[in-house]
Amino acid sequence: MKKFKIASIKVLPVIMVAALSAMAFTSCLENDIPYERVEAGFTSMTAEGETAAATINSNDRTVTLTMGETTDLANVNITSYTVTDGATLSTDITGGIDLTANYKVTVSLYQDYEWTIKANQSIERYFIVSDQVGNSVIDPAGKRVVVNMPSGTDMTAINVGDVKLGPSSITTMTPDLNNTTADFSNPVEVTVTYRNVTETWTIYMQQTEQVVSLDRADAWTRVIWLYGSTKAGIESWFEYRLDGSEEWTRVDNVASSGGEFSACLSHLQPSTTYEVRACSNDSYTAAIVVTTEAELELPDGGFDEWWYEDEKIWNPWNVNGPQYWDTGNDGAATFAQFGVGASNSVPDTDTWDGGEGYSAKLETKWVLIKLAGGNIFAGEYLRTDGTNGVLNFGREFTGHPTRITGYWKYNSTTINRSSDDAFSHLIGQPDTAIVYAALINKTEPIEIRTNPANRQLFDRNADYIIAYGQVQTGETISEWTKFDLEFEYNNTNTVPTHLVIVSTSSKYADYFTGGEGSTLWLDNFTLGWDY
């Protein structure tokens, strides 16, 4: 199962200029108002040795850095950062700072705001022994290693293979157990040292009558993920059957790693009960009973439920029905007073199959002072903040789809607008449309804020992301064409709480960069449940 390792994708723009309407009467106000309240904070940060983009949470005022295992957290080199325009820091953080504990710094602009910089650091650890049952259990908090051995093993002569209990290349272990034969009839202590850290680990060997175990069975809608463990180097597999039937079916597409093995059991029926078991040589585990999840519908995946409000804004939901999708059209309504069309995300009678109903037509436009990319997303537009938007990304959802399919057309124009120096080099290149989706585990939807003063954008590397997928095109697609967005899961046992789906006609429009006239048509979004 693959995992994404790509830099964070930031959120769609929603270009709002409510502030312009206020300009007409600014001269009538007395100059006795207090300073503007702008909540200052970090907008970016990089550090030497990081393995992923920094996660910035404006709600909690935290910056989380993901550091490589060889980085010294006591001396993390901050290589760059940006803050809200005009803000200052209480102390210079460039160079080395100590992130063995949370680091506090005050960001000031009219008022003071305390921010916390913290580090996450994962160290790969393993302890490999010949003939062990399953993989070793590594307990970093308790500094323990537990290894299961077959019943009858001579515990005085255990053949140890590769051992790693600290960061690569900078760790020493005393005694060094790598590729040795050692006596484990009693627990063995080793001293692990790296940098200024010294740890005492205890290695426990225990015998077990169990030759094979079924450790986990994660049931999705048409898929069950199976995980087992056994003695390393022997043939292992899984079997399944409908609950109540007699005949077992063997699952052969097994992946093995040491004493652990796994498989993806696909092409099953939703809301159906199965029995599964793990097998190794002549040994079988007791059967585990699991029930697949129900197959869920994606509300209005055909974008047919549009209605028109007050001759100003197109909204992608029925006036009498629940709202699932939304656009940035609501914030653009203030442009109507200037004679500028308010909606650049609208229904179109040009459908994927030529039938009745609508598709979603998303067009990139220059709207008075800024570039606005057409967009549609599963969620809700909350409010306008100055010339920016505040949105919720995500709708409640508890299933495990494997993909989203749909149909699209795209007219890619040349990028001719950019208000961000970091993206001005794209001018003259073809514009790009993107559709991306994520499954998240979070108590609430993702709040998106496009205002640079308190910006909070979508981060595909956030710890609440369970799965992610995207499709994009930088070429014109003249005819309706099917796309297939496949989810890549980070794990198989976490239950999602929300589904995020976002589409835009200009991928970099959140940086006010794109091509006027780039237009994306979308229709017939459908959830898939099988591999």
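This passage describes the second largest pocket and selected salt bridges of a predicted model.

The second largest pocket holds about 370 Å³ of space. Its lining is made up of 15 residues. Nearest the centre lie Arg-125, Tyr-126, Asn-135, Ser-136 and Ser-257. Strand 9, which spans residues 126-129, contributes the most to this lining, with 4 residues. By residue class, the lining comprises 6 nonpolar, 6 polar and 3 charged residues.

Across the whole structure, 15 salt bridges were found. Three of them are described here, among them the pair Arg-195 and Asp-72. In that pair the closest N and O atoms are 3.6 Å apart. Arg-195 sits in the loop between strand 15 (188-194) and strand 16 (197-208). Asp-72 sits in the loop between strand 3 (62-67) and strand 4 (76-83). The salt bridge therefore ties together parts that are 123 residues apart in sequence. Neither loop residue falls in the buried class: Arg-195 is partly exposed, at 32% relative accessible area, and Asp-72 is partly exposed, at 27%.

A second salt bridge joins Arg-222 to Glu-295. Here the closest N and O atoms lie 3.0 Å apart. This pair, too, links distant parts of the chain, with the two positions 73 residues apart in numbering. Arg-222 belongs to the loop between strand 17 (212-219) and strand 18 (224-230). Glu-295 belongs to the loop between strand 25 (288-291) and strand 26 (307-309). Arg-222 is partly exposed, with a relative accessibility of 22%. Glu-295 is also partly exposed, with a relative accessible area of 38%.

A further salt bridge is formed by Arg-250 and Glu-235. Its closest N and O atoms are 2.8 Å apart. Arg-250 lies within strand 20 (residues 249-251), while Glu-235 lies in the loop between strand 18 and strand 19 (236-242). The parts tied together by this pair are thus 15 residues apart in sequence. Relative accessibility is 36% for Arg-250, which counts as partly exposed. For Glu-235 the value is 49%, and this residue likewise counts as partly exposed. The pair does not stand alone: salt bridges with shared partners join Glu-235, Arg-250 and Asp-252 into one network.

Technical notes
Residues are numbered from 1 along each chain as its sequence is written. This is a predicted model: local features need pLDDT of at least 70, side-chain atom pairs count only at pLDDT 80 or more; totals for chains, interfaces and linings use all residues. Side-chain values use heavy atoms; hydrogens and water are left out. On a 1 Å grid over the protein atoms alone, a cavity is a set of points where a 1.4 Å probe fits but cannot get out, and a pocket is an open set with protein on both sides within 12 Å along at least five of seven lines; lining residues have an atom within 4 Å of a point. Grid points are joined across faces, edges and corners, and a volume is the space filled by probe spheres set on the points. Ala, Val, Leu, Ile, Met, Phe, Trp, Tyr, Cys and Pro count as nonpolar, Asp, Glu, Lys and Arg as charged, and the others, Gly among them, as polar. A salt bridge is a side-chain nitrogen of Lys or Arg within 4 Å of a carboxyl oxygen of Asp or Glu. Buried means under 20% relative accessible area, exposed over 50%, partly exposed in between (1.4 Å probe, protein chains only).
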